[in-house]
Amino acid sequence: MIGAPDNIVLNILREMRGDLGQLKSGQQQTNERLATIEHHLAGFHGSLVRFGDDVDDLKARVDRIERRLNLADDQTPDA
């Protein structure tokens, strides 16, 4: 009976080690998914910046066309 408490403790420690391994695996998967989301978000942000640049370019072109056709208002453009 003296060895029984040691076996119980060892069994509990083995179960804890298995649980810890599962937690590590789950955390690794979560980290990989988060990294994927971050990469997609960075790509989206880059696309948004390019879209804004394209809109700015189109606005400048429309402003230039309006000036050439004398359609531009005499008001100063909003900055």
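A salt bridge here is a side-chain nitrogen of Lys or Arg within 4 Å of a carboxyl oxygen of Asp or Glu. Aspartate 63 and lysine 59 make one, with their closest N and O atoms 3.0 Å apart. That's worth keeping in mind while looking over this predicted model, which has one helix and zero strands. Of its 79 residues, just 1% count as buried.

**The overall picture**

- The protein has one helix and no strands to go with it, and helix H1 takes in residues 3-68.
- About 7700 Å² of the protein is exposed, and carbon and sulfur atoms supply 58% of that area.
- Burial barely features here, since 1% of the 79 residues fall in the buried class, for which the cut-off is under 20% relative accessible area.

**The salt bridge**

- The count of salt bridges comes to one, and the pair behind it is aspartate 63 with lysine 59.
- Both partners sit in helix H1, four residues apart, which is about one turn of the helix.
- Side chains of opposite charge can pair when their charged atoms come close.
- Aspartate 63 has a relative accessibility of 24%, so it counts as partly exposed.
- Lysine 59 is partly exposed too, because its relative accessibility is 44%.

**Charged patches on the surface**

- On the negative side, Asp53, Asp54, Asp56 and Asp57 gather in a surface patch.
- One of these, aspartate 56, belongs to helix H1.
- On the positive side, the surface patch brings together Arg61, Arg64, Arg67 and Arg68.
- Arginine 64, one of that group, is placed in helix H1.
- With a relative accessibility of 38%, arginine 64 counts as partly exposed, and that clears the bar for patch members, which need over 30% relative accessible area and no salt bridge.

**The nonpolar patch**

- Ile8, Val9, Leu10, Ile12, Leu13 and Met16 make a nonpolar patch of about 550 Å² on the surface.
- Leucine 10, one of its members, has its place in helix H1.
- The relative accessibility of leucine 10 is 38%, so this residue is classed as partly exposed.

**A side chain meeting the backbone**

- Which backbone oxygen lies 3.0 Å from a polar atom of the threonine 36 side chain? It belongs to glutamate 32.
- Threonine 36 is another residue of helix H1.
- Its relative accessible area is 40%, so threonine 36 is partly exposed.

**After the helix**

- Asparagine 70 is an oddity to look at: its phi is positive, at about 55°, although the residue is not a glycine.
- You'll find asparagine 70 in the segment after H1.
- Is asparagine 70 buried or exposed? Asparagine 70 is exposed, because its relative accessible area of 69% is over the 50% cut-off.

How values were computed
Residues numbered from 1 in each chain as written. Predicted model: local features only at pLDDT ≥ 70, side-chain atom pairs only at ≥ 80, totals over all residues. Heavy atoms only, no water. Patch = residues over 30% accessible without salt bridge, like charges linked within 9 Å, V, L, I, M, F, W, Y side chains within 5 Å. Areas by Shrake-Rupley, 256 points an atom, 1.4 Å probe, with all protein chains shown as cover. Lys, Arg positive; Asp, Glu negative; His and termini not counted. Charge placed at Lys NZ, Arg CZ, Asp CG, Glu CD. Helix = DSSP H or I, 4+ residues; strand = E, 2+ residues; numbered from the N terminus. Buried < 20%, exposed > 50% of the residue type's maximum accessible area, 1.4 Å probe, protein only. Polar contact = N/O pair within 3.5 Å; in protein donor to acceptor, adjacent residues only side chain to side chain.
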